[in-house]
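The following note concerns the interior of the model shown below. Its points are numbered for ease of reply.

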Amino acid sequence: MELLAPVGDKNKLIMAIEYGADAVYLASTRFGLRTFAGNFDMDELKWAVDYAHERNVKVYVTVNIIPHESDLDELPDYIKYLKEINVDAVICADLGIISMVRRICPDMDIHVSTQANITNSESALVFASMGVKRLVLAREMTLEEIKELRSKLPENIELEAFAHGAMCISYSGRCLLSNFFTGRDANRGACVQACRWNYVIREINKEQEYPIEEDTHGSYILNSKDLCMIEHLDKLKDAGVNSIKIEGRMKTEYYVANVVNAYRLALDYLKTHETYDLPEEIKNEVFKSSHRDYSHGFYFGNPKESLDSSLPLMDYDFVAVVLEDSVDGKTKVEMRNRFDSKTSLELLSKTRNNAIINISKIETEEGEELEVCNIPKQQVYITTDVPLKKYEILRRKK
C-alpha cells in the first residue's frame with residue numbers, strides 16, 4: 001500500500017519525504033480545506049513538485065473546497081497551472097470541479113475527496129464513470145463495506161482510506177460549526193476547529209448551565225478521539241485499500257516525521273512478514289507525538305465506546321532538529337524545546353530509532369559555550385557521543 005503523508009509547508013514536505021512517504025498531499029493558498037496550514041504559493045508549489053519528483057515521491061494537490069460561484073472564475077487557470085508543473089493528481093470533492101478538471105485537462109488524474117462522502121458502490125461507480133482514478137473513502141465505512149465496495153468496482157479504480165489522525169465530529173468533515181460561530185467556512189478551507197472548544201449544555205428555559213465533567217481541563221463533548229490503525233494495516237490491505245492516508249497538514253514537522261516513520265516501519269514489516277504481529281517498539285511510536293486517545297473509528301463497526309475525548313496528550317517534547325551531518329563530533333541543530341549541556345535525549349531516525357544520545361557541550365554559532373539552550377529556534381552546535389545525520393530529530397520523554 002502507498003503511504004500518503006500530510007504536508008502543510010516546506011519543512012513538513014522535507015520531513016515527510018525523509019521519513020518514508022510514497023506520496024504527499026498539499027495545497028496552494030487557495031482552493032484547499034486547510035487555509036491556515038501555511039501551504040504553498042505558486043512558486044513554492046512548483047518547487048514542492050520538483051523536490052518530491054526528484055526523490056520519486058508523488059504529489060497530490062487538494063482542490064477540495066465546496067465552491068460558491070465566486071470561487072469559479074480563477075479555477076480554470078489554476079487547474080492549468082497544476083498540469084503545467086506536473087502534479088500527479090488533484091483531489092476534488094465537488095462535481096462541478098471534477099467536471100471542470102476533466103474538461104480543461106482531460107488526462108489529469110483525479111482523486112475524489114473524502115468530502116464527497118463515498119459510502120456505497122452506486123455513488124462510487126458514478127465517479128468511476130467520470131474517469132477518476134481514485135476514491136478517498138468516507139471515514140464512516142467499515143472494513144467489510146470497503147471489501148464489498150472493492151468487489152463491485154473496476155480494477156483500475158484505486159481506493160484510499162484514512163489510517164491515522166484527527167477525525168471531524170461532522171459527517172466526513174462537512175461541518176457548519178465554524179461558519180455558524182465565526183463566519184469562517186470550513187467547507188471552503190477556513191475551519192477554526194470549533195469542535196475542539198470547551199462546551200456546556202444548558203436547558204433552554206433555565207439560566208443555569210450544566211457542564212459535563214470529563215477532566216481537569218473541562219468538557220470537550222464534540223471532540224472525537226484520533227484514528228489509529230497501525231496495528232491493523234493487514235486488514236486494510238485485505239479489504240482492498242491501495243493507499244493509507246495520514247491526517248495532519250496543520251500538525252508540526254515533528255508530528256509528520258514521527259507518524260510517517262512509524263507507518264513506514266509498519267508497512268515494511270507487513271511486506272516482509274507472513275503474520276502481521278507488529279513489534280511493540282513500532283506500535284509505541286505513534287504515542288510519541290501529540291495525540292488524543294486513539295480509536296479504530298468505524299472500521300470494525302459502529303464504535304461501542306465513546307469517540308469523545310479531551311485535550312491532546314503530549315508525552316514527548318520535540319527538542320531539536322539536526323540541520324547538518326556531524327563534523328568532528330559537533331552537530332548543528334535548531335532548538336525547539338529547552339535542553340542543557342549535560343543531558344540525554346532520544347533519537348527519531350530512519351536507521352537507529354530510539355537510540356539515546358548524550359550531549360556534553362552546547363556552543364553558539366560564534367563559539368560561545370552555553371549551559372542551557374532556551375531560545376526558540378536558536379541554531380547551536382552540540383557535541384554528542386555519536387555522530388548525527390541531517391533531519392534526524394532529538395526528543396525527550398516528559
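**Note on cavity and cores**

1. The count of cavities of 30 Å³ or more is 1. A cavity here is a set of points, on a 1 Å grid over the protein atoms alone, where a 1.4 Å probe fits but cannot get out; the volume is the space filled by probe spheres set on the points, which are joined across faces, edges and corners.

2. This is a predicted model, in which local features need pLDDT of at least 70, side-chain atom pairs count only at pLDDT 80 or more, and totals for chains, interfaces and linings use all residues. Residues are numbered from 1 along each chain as its sequence is written, and side-chain values use heavy atoms, with hydrogens and water left out.

3. The largest cavity holds about 30 Å³ of space. Its lining (residues with an atom within 4 Å of a point) consists of R139, M167, L227, H296, G297, F298 and Y299.

4. The largest nonpolar core (buried Ala, Val, Leu, Ile, Met, Phe, Trp, Tyr and Cys residues joined through side-chain atoms within 4.5 Å; buried means under 20% relative accessible area with a 1.4 Å probe, protein chains only) has 94 residues, of which V24, L26, L82, L135 and Y263 touch the most other members. Helix α9 (residues 253-272; helices are DSSP runs of H or I, at least four residues) contributes the most, with 12 residues. A second, separate core has 17 residues, including V322 and L388.

5. Of the 398 residues in the chain, 54% are buried.

Definitions and conventions: Buried means under 20% relative accessible area, exposed over 50%, partly exposed in between (1.4 Å probe, protein chains only). Helices (H or I, at least four residues) and strands (E, at least two) are DSSP runs, numbered from the N terminus. On a 1 Å grid over the protein atoms alone, a cavity is a set of points where a 1.4 Å probe fits but cannot get out, and a pocket is an open set with protein on both sides within 12 Å along at least five of seven lines; lining residues have an atom within 4 Å of a point.
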